[in-house]
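Here are some exercises to work through with the model open beside you. Try each task before reading its solution.

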There are 2 protein chains.
Amino acid sequence: MIESRTTASALAGADTTSAPSTRVQLIAAGRKLFGQRGFDGSSIRAITDEAGANLGAVTYHFGSKRGLYSAVLEEGLRPMAARVTEAASAGGTALDRMLRIVRAYFEHFETHPDLPHLLLQEVAAGKQPPPVVIEIVRGVKETIAGLHVEGQTDGSVREGHPVLTALSVVSQPVFMTLVAPMLATVGPFDLREPAARRLALEHSLAFVRAGLEPREDLQP
Amino acid sequence: MIESRTTASALAGADTTSAPSTRVQLIAAGRKLFGQRGFDGSSIRAITDEAGANLGAVTYHFGSKRGLYSAVLEEGLRPMAARVTEAASAGGTALDRMLRIVRAYFEHFETHPDLPHLLLQEVAAGKQPPPVVIEIVRGVKETIAGLHVEGQTDGSVREGHPVLTALSVVSQPVFMTLVAPMLATVGPFDLREPAARRLALEHSLAFVRAGLEPREDLQP
DNA sequence: GATTCAATCATACGTTCGTATGAATACGCG
DNA sequence: CGCGTATTCATACGAACGTATGATTGAATC
């Protein structure tokens, strides 16, 4: 059996000067097609066509279709998690940093609108995602939940369940991006347009702030 | 070509006394498998096996695989939309009814946990859902957005964008149900358990209420 | 009991799927 | 240049797919 080139090519992935390698093109095509049509809806032939590569390229570089899927997931999630971590470790109160996380998500999904669907499609099926995905998601969850705990010591966030609070916060950018196509279908409001996205960002910031802030009338 | 039996059987669908018909079993199996594995991930053979029906049954009763998918979507969405409409037309302030909608979603998803994934999987792909689905979703959107407008005249809801507010409200039950399997994978918190669901419901009610209520300190 | 028609059945067809294989080509290094 | 490794290529294979077909069954109607 042919050994997957994944590891070797990943090590060589630091090369940013060469022409776009087949491997990179495959990941880009995979992100696009998996995100749009799902795993089962995207054939290897469609992916290699999109990437301008040979039919055998996926098997050669990633071992299998699922191998490519894992790589796509990892390369899509890692920069997002990095943004979240960065926003969470900036200055200001815990609430400030929560809101910065919301902003970071919106900004990231502006250039990667397929990411929420890509991540949720398999997971909603109850299947086990690749281990690296579990690790990344767990990290994000704990970052935000930790911020909630911190917010209760510095008084910037009201009391509540840390994990559920994290879900409520993350749900805003993720859900809005997820339903954008359907929303555009049922009405004249297209969240994929920049102006509408700005509105959505400001609305989400206000909504999350109101949902997290301690109530002055209860804490006089 | 064989004509689909959809219409005729739908008319006969008022019969609730007979043994579970093949048609009903197919929709149940379709809801389960489409919801869990997606449209492309569910083969007609898997569906007819699950339903205890013959391979040809889907083609006979629904014309095609996509015909069954439309029927599953419609039969899953209609009761949900009815619950929302009912909650929206009850008594109390607009905010009260918004919160009742959140509760209605949670209750509905408790018995139909696959519904969010079922609805969002295709739509996130940018495909046009069946017309009946578009109509139902539009109705729900306008019901909640109308409630938001009403809430500003009765003073129970703060100002904001009606559609975005509707999204923020709906996102809580939908997103929590959607990510439940992944959340259980990355941590010890399983939103599919009744106790956790109760927590999530109460958290969501508090979060949405805080996000919608006018701030007393701004409106003295 | 014969007729009729909706429903179910076993089976077949052509296509597309993921993957495997071996030849052909490109490339770095002595 | 020549050799060895890495990559790309055309092609093949068996399996699974959605759908079509025609025979068979079941129950109601006369």
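Helices are DSSP runs of H or I with at least four residues, strands are runs of E with at least two, and both are numbered from the N terminus. This is a predicted model, where local features need pLDDT of at least 70, side-chain atom pairs count only at pLDDT 80 or more, and totals for chains, interfaces and linings use all residues. Residues are numbered from 1 along each chain as its sequence is written, chains are lettered from A and ligands numbered from 1 in the order in which they are written, and side-chain values use heavy atoms, with hydrogens and water left out.

**Exercise 1.** Find which helices supply at least two residues each of the lining of the second largest pocket.

*Solution.* Begin with the term: on a 1 Å grid over the protein atoms alone, a pocket is an open set of points where a 1.4 Å probe fits, with protein on both sides within 12 Å along at least five of seven lines, and lining residues have an atom within 4 Å of a point. Next, pick out the helices: α10 (194-212) of chain A, plus α8 (131-153) and α10 (194-212) of chain B. The largest share, 5 residues, comes from α10(A). Finally, look towards the centre: among the 22 lining residues, B:R158, B:E159, B:G160, B:L212 and B:P214 are the closest to it.

**Exercise 2.** Work out which residues come nearest to DNA strand C, and which helices contribute to the surface there.

*Solution.* A residue counts as near if one of its heavy atoms lies within 4 Å of the strand. There are 16 residues around DNA strand C, and A:I44, A:R45, A:K65, B:T22 and B:H61 come nearest. Sugar and phosphate make up 56% of the strand C atoms that come within 4 Å of the protein. Now turn to the helices: α3 (44-51) of chain A and α4 (57-62) of chain B each give at least two residues to this surface.

**Exercise 3.** Locate polar contacts to phosphate oxygens of each strand, remembering that a polar contact is a pair of N or O atoms within 3.5 Å.

*Solution.* Take DNA strand C to start with. A side-chain N or O atom of B:H61 sits 2.7 Å from a phosphate oxygen, a polar backbone atom of B:N54 is 3.3 Å from one, and a polar side-chain atom of A:S43 is 3.4 Å from one. Then move to DNA strand D. Here a polar side-chain atom of A:T22 lies 2.3 Å from a phosphate oxygen, and a backbone N or O atom of B:I44 lies 2.8 Å from one.

Methods
Polar contact = N/O pair within 3.5 Å; in protein donor to acceptor, adjacent residues only side chain to side chain.
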